[in-house]
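Subject: Structure for you to look at

Hi,

Here is the model I promised to pass on. Have a look at it first, and then read on for what turned up when I went through it.

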Amino acid sequence: MDEIVFWLLPLLMALLVGILCPVMGTLLVTQRRVLQANLISHAVLPGLAVSVAFGFDPAVGGVISGILGSLLAERLQRSSKLNEEAVINTVLAGFLGLGVLLIPLLGLRLDLEALLFGDLLTVGWLDIGRVLVACLAVALLLGTRYRQLVYLGVDPEGAAAAGLPVRGLRLAMSAVTAAVIVSAMAAVGVILVIGLLCAPVLPGLRRVKSLRAAMVQAAVVGLALSGGGFLLALPLNLPPGPLIGVACVVLLCPLARRST
C-alpha cells in the first residue's frame with residue numbers, strides 16, 4: 001500500500017499542477033503579465049528561506065515575498081519611468097540573489113536544486129494541499145472578477161477609463177500567481193514553472209473565441225505535458241521537473257515551423 005501511495009502522490013501532483021499552471025498562465029498571457037510572473041517565480045525564494053528559518057509554512061513566506069517583488073518592480077517603473085523589462089529583470093536578479101544569500105546566512109540546510117527545479121518524487125499530502133488551496137484562489141479570482149479581467153486584457157486603457165480597479169486587479173493577480181508558483185514548486189521548481197505557465201497556452205490561443213475556452217484547452221495540453229513528462233521520466237530514470245520543462249519547448253517547435 002505504501003509503495004502505491006509513493007507513486008500515486010507524485011502523479012497526482014503532476015496532474016494537478018498540469019491543470020492549474022496553464023489555467024493561470026492563460027490569464028497571464030492574455031493580460032501580458034508573463035514577465036511579471038517570471039519575476040514572481042524568482043522573488044519567492046527569499047520568503048521561502050526566511051519562513052524555513054523561523055519555522056513558518058514556506059508557502060506563506062513565498063507568496064509574501066513574491067508579492068513584494070512584484071510591487072517593488074511596479075513602484076520603481078511607475079515612479080522613475082524606467083524601462084519596464086529592465087526594471088523587472090533587475091528586481092528578479094536581486095531577489096533571487098538575496099534568496100541564495102539567505103540560505104547560508106541563516107544557516108539553512110535546503111536542497112537548492114529541488115527548490116529551483118522541483119522534485120516530484122518527494123511530494124507529500126502537504127504539497128497536494130497547497131495546490132488545492134492555489135486552485136481555490138484561482139477559482140475565486142475568476143469567479144468574482146472574470147468579466148473585469150477580460151476587459152482589462154482586451155483594453156487596459158479603456159478599463160482604467162471605465163473606472164475598473166486596475167491596480168487592485170493586478171495586485172490580486174500577483175497574489176494568486178505567487179500562490180500558484182509556490183504550490184507548483186515541489187513539481188517543477190520556481191524556475192521551470194514559467195514554462196508550464198506559458199507553453200500549454202500558446203498552441204491554440206488564436207483559435208479560441210473566449211478566455212474560458214482558452215483555459216480549458218491550455219489545461220488539457222498542460223495535463224498531457226505534466227502527466228506524460230512524469231510517466232516518461234520514471235523508466236528513463238530522469239528528474240521529472242526538468243523533463244517537463246524540455247517538453248514545454250518541444251511543444252512549441254511545430255509552431256515555429258508553421259509560421260515560416
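How many salt bridges does a search of the whole structure find? The answer is three. Before going further, keep in mind that this is a predicted model. Everything below is computed from it.

**Salt bridges**

Take R33 and E74 to begin with: they form a salt bridge in which the closest N and O atoms are 2.8 Å apart. R33 sits in the loop between helix 1 (2-30) and helix 2 (34-53), while E74 belongs to helix 3 (residues 58-80), so this pair ties together parts that are 41 residues apart in sequence. R33 counts as buried because its relative accessibility is 9%, and the cut-off for buried is under 20%. E74, with 22% relative accessibility, counts as partly exposed.

The other two salt bridges share a partner, R130. One is with D57, and there the closest N and O atoms are 2.7 Å apart. This pair also links distant parts of the chain, with R130 in helix 6 (residues 125-154) and D57 in the loop between helix 2 and helix 3, 73 residues apart. Are R130 and D57 buried or exposed? R130 counts as buried, at 17% relative accessibility, whereas D57 counts as partly exposed, at 32%.

R130 also forms a salt bridge with D127, this time with 3.3 Å between the closest N and O atoms. Here both residues are in helix 6, three residues apart, which is about one turn of the helix. Both R130 and D127 are buried. Put together, D57, D127 and R130 are linked in a network of salt bridges.

**Nonpolar cores**

As general background, nonpolar side chains tend to be buried together in soluble globular proteins. In this model, the largest nonpolar core has 59 residues. Which of them touch the most other members? They are M13, M24, L27, V180 and L197. The elements that each give two or more residues to this core are helix 1, helix 2, helix 5 (112-117), helix 6, helix 8 (166-198), helix 9 (211-236) and helix 10 (240-259). Helix 8 provides the largest share of the core, with 19 residues.

M24 is a good place to zoom in. Not counting residues up to four places away in sequence, M24 touches V138, L141, M173, V176, T177, V180 and L197. Apart from the largest core lies another one, of eight residues, and L39, A43, V87 and I88 are among them.

**Helix 2 against helix 8**

How do helix 2 and helix 8 pack, that is, at what angle and with what distance between their axes? The angle is about 90° and the axes are 9 Å apart. That makes helix 2 roughly perpendicular to helix 8, because angles of 65 to 115 degrees count as such.

If you want to display the contact, select V34, A37, N38, I40, S41, H42, V44 and L48 in helix 2. On the helix 8 side they meet S174, T177, A178, I181, V182, M185, V190, I191, V193, I194 and C198. By class, the contact has 14 nonpolar residues, five polar ones and no charged ones.

**A few single residues**

L96 is in helix 4 (residues 84-105) and counts as partly exposed, with 23% relative accessibility. Leaving aside its neighbours within four places in sequence, L96 is in contact with H42, L45 and L116. H42 came up above as well, as one of the helix 2 residues that meet helix 8. For a sense of distance, the C-alpha atoms of L96 and C135 are separated by 26 Å, with the two positions 39 residues apart along the chain.

Finally, which residues have a positive phi although they are not glycines? R32 and N237 are two to check, each with a phi of about 55°. R32 is in the loop between helix 1 and helix 2, and N237 is in the loop between helix 9 and helix 10. R32 is exposed, with a relative accessible area of 55%. N237 counts as exposed too, at 70% relative accessibility.

Over to you!

Methods
Residues numbered from 1 in each chain as written. Predicted model: local features only at pLDDT ≥ 70, side-chain atom pairs only at ≥ 80, totals over all residues. Heavy atoms only, no water. Salt bridge = Lys/Arg side-chain N within 4 Å of Asp/Glu carboxyl O. Helix = DSSP H or I, 4+ residues; strand = E, 2+ residues; numbered from the N terminus. Buried < 20%, exposed > 50% of the residue type's maximum accessible area, 1.4 Å probe, protein only. Core = buried A, V, L, I, M, F, W, Y, C linked by side-chain atoms within 4.5 Å. Contact = heavy atoms within 4.5 Å. Axes fitted to C-alpha atoms, helices over the stretch in contact; angles between N-to-C directions. Parallel < 35°, antiparallel > 145°, perpendicular 65-115°, else oblique. Nonpolar A, V, L, I, M, F, W, Y, C, P; charged D, E, K, R; others polar.
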